[in-house]
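Have a look at the model below before reading on. The questions that follow go through it piece by piece.

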Amino acid sequence: MHLSEITHPNQLHGLSIRQLQQIAHQIRDKHLQTVAATGGHLGPGLGVVELTLALYQTLDLDRDKVIWDVGHQAYPHKLLTGRYSDFHTLRQKDGVAGYLKRCENKFDHFGAGHASTSISAALGMALARDLKGEKFKAVAVIGDGALTGGMALEAINHAGHLPKTNLLVVLNDNEMSISPNVGAIPRYLNKMRLSPPVQFIKDNFEEQVKHIPFVGESLSPELDRIKEGMKRLAVPKVGAVFEELGFTYMGPVDGHNLEELIATFQQAHQMTGPVLVHVVTTKGKGYEIAEKDQVGYHAQNPFNVSTGKAIPSNKPKPPAYAKVFSHTLVKLAEQNPKIVGITAAMATGTGLDKLQTKLPNQYIDVGIAEQHAITLAAGLACEGMRPVAAIYSTFLQRAYDQIIHDVCIQNLPVFFCLDRAGIVGADGPTHQGMYDIAYLRCIPNMVVMAPKDEAELQRMVVTGINHTSGPISMRFPRGNGHGVPLMEEGWEPLEIGKGEILRQGDDVLIVGYGTMVYPGMQAAEILSEHGIEATVINARFVKPLDTELILPLAKQIGRVVTLEEGCLMGGFGSAVAEALMDADVLVPVKRIGVPDILVDHATPDQSFAALGLSSRQIAETVLEAFFKKQAAAAVV
């Protein structure tokens, strides 16, 4: 059977080990060739090919449910569930999503782009099953990196308290999240990984006892108890910890040995109560380049399979915002030993790997634990340090209570740096940084700012470090800057709450925030071609908003347009409209941003066009809103 013929995972039933090995090879080849062409997550899926095949051969997927944590490790799952023919569209507009989506396929039982959710979801399904009197297996597949997340540990704690609830947790242990794992749990797992296989000890003991004359058979009733005692002696602390928490522990199992995996899963399915199968895998398995660089090949832009090198762009690009951020932070940290950078398992993504290399004592990686990261930062701030929490916008959502309860209520000077704010492209709705403007500006004591370009980002980093009277946040986008000149040192902090006028005109006031300032300037030039002159403001701050600048101009000009790369509900435009209303400046306002929808996976340019956020579309919207005669005559 060829992989292309598999449209239902139950077609794996009855296949021989040799046939499964052939399919495993085909999955890796299709996975590798597709990601090389489209870009996407590479290492995670390559590591779980045999795990997926063995698990699915032992389940009835018309009935049983498998919940994959995060989802980027589930590319083999997608290839086995009817998406082979469309897999070349991976992460492209209207194509196969890079994560699991309930609306995409009936075998995607739970969507997830953030880690540590699978055990909770699978336990919820298992409890629902029992309440309804149904019969199906609930399986959660979680990585050892995701297991460092507090939510996963909370779910394990709950499941272990339910000895009659059947639940299988498969721990995919590859020593990695995106960056190398940190913390006590991965360290214990490593001890387990290096220990002699427990099953080998147990099986050999049983075999030896059976051959004792006149004794072997008579020991049969006691054999299980003796074996359990030997297991306790042989299993290092991690296995014992899981068993003390109420799980039956099995493993470690070679995650690339199909026979061993199938036998273990079949045995696990026969047990009652919560069971944890510890599977040891190699991230990037089967592609030597990815095996040797598991961090770099966690995800890749399109690349050459034979060399592993990224396909070069035709044009040189300005430096990425994350690179400018990390370079500036390192320069400042070299001069100020109180600066401490904090990441939640995203050192390379946020650029803090540069701080780790240069100043390791001023760098902290907490693992996939955003809640802990923020309260840790609060504790550092209590002792006079300058904590810089560099976390993606979408991941900071996970620590919202800690932002309010531990930082803002106590008015502690934590500097939040939100990378990947706004539209992120192919990762889709779970990763779009749409909500940080709205969810941060409503919290007392918080300062909220965003740079228009990479040079202003440098000044905002200085501003954030210098702001010691309370919490402050800065958002910046994924991708490259505008190519404006950068400074190596001597950056001046910005005055908190002060914007700037970039262009003057009498017909319409355009107030841009962050990444939308440049499109606003370009839209103003297009409007000028139609005899409409705009004043353009770079707001810089949504909180405190520069009402001293905005309100008089709004009253004078009489037409206001706001621009933001974020949700309109409660966002920057809402802040401007509220300020105008509170000051009784009752002028028409057109808010341009992301409406109340989920932004699906596509290229950023495609998303911008679909949302009407290109400079030409902004000009068209302004014409239609305020200048209908010019709009009718315009050929824009």
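Q: How many contacts beyond four places in sequence does the model have for residues 197–202, where pLDDT stays under 50?
A: This is a predicted model, so confidence comes first. Over residues 197–202 the pLDDT stays under 50. Where pLDDT is low, the predicted coordinates should not be read in detail. For this stretch, the contacts beyond four places in sequence number 7.

Q: Beyond near neighbours in sequence, how many contacts does the stretch 228–234 have in the model?
A: Here too the pLDDT is a warning: over residues 228–234 it is below 50. Contacts with near neighbours in sequence are left out, and the count is 11.

Q: What is the mean pLDDT of the protein chain?
A: The score runs from 0 to 100. In this chain, 89% of the residues reach 70 or more. The mean pLDDT of the chain is 89.

Q: Is strand S5 largely enclosed or largely open?
A: Strand S5 covers residues 248–254. Buried means under 20% relative accessible area. Of the 7 residues in S5, 5 are buried, so the rest of the structure leaves the strand largely enclosed.

Q: Which residue of S6 stands opposite Val253?
A: S6 spans residues 274–280. S5 and S6 run parallel, and 5 bridges join them. Opposite Val253, in S6, stands Val279.

Q: Which helix makes a β-α-β unit with S5 and S6?
A: The unit holds two strands, S5 and S6, and one helix. The unit is right-handed. The helix spans residues 258–269 and is H11.

Q: Is His2 buried, partly exposed or exposed?
A: His2 is found in the segment before helix H1. Buried needs under 20% and exposed needs over 50%. His2 has 31% relative accessibility, so it counts as partly exposed.

Q: Leaving aside neighbours within four places in sequence, which residues is His2 in contact with?
A: Start with a residue close by in the chain: the side chains of His2 and Ser4 are joined by a polar contact of 2.9 Å. Then look further along: His2 and Gln19 are 17 residues apart in sequence, with their C-alpha atoms 9.1 Å apart. Once the neighbours within four places are set aside, the contacts of His2 are Gln26 and Tyr84.

Q: Which residue meets Glu104 in a salt bridge, and is this partner buried or exposed?
A: The structure holds 26 salt bridges. In one of them, Glu104 is 2.7 Å from its partner, N to O. Glu104 is partly exposed at 26% relative accessibility. The partner is Arg83, which at 5% relative accessibility counts as buried.

Q: How many residues apart are Glu578 and Arg441?
A: Their side chains meet in a salt bridge of 2.9 Å, N to O. Glu578 is in helix H23 and Arg441 is in helix H19, so the pair links distant parts of the chain. Glu578 is partly exposed at 34%, whereas Arg441 is buried at 15%. In sequence they are 137 residues apart.

Q: Which residues do salt bridges that share partners join into one network with Lys452 and Asp453?
A: The side chains of Lys452 and Asp453 meet in a salt bridge of 3.9 Å, N to O. Lys452 is buried at 14% relative accessibility, and Asp453 is buried at 5%. Joined with these two into one network are Glu456, Glu500 and Arg540.

Note on methods
Residues numbered from 1 in each chain as written. Predicted model: local features only at pLDDT ≥ 70, side-chain atom pairs only at ≥ 80, totals over all residues. Heavy atoms only, no water. Buried < 20%, exposed > 50% of the residue type's maximum accessible area, 1.4 Å probe, protein only. Helix = DSSP H or I, 4+ residues; strand = E, 2+ residues; numbered from the N terminus. Pairing = 2+ DSSP bridges. Right-handed = clockwise from strand over helix to strand, strands pointing away. Contact = heavy atoms within 4.5 Å. Polar contact = N/O pair within 3.5 Å; in protein donor to acceptor, adjacent residues only side chain to side chain. Salt bridge = Lys/Arg side-chain N within 4 Å of Asp/Glu carboxyl O.
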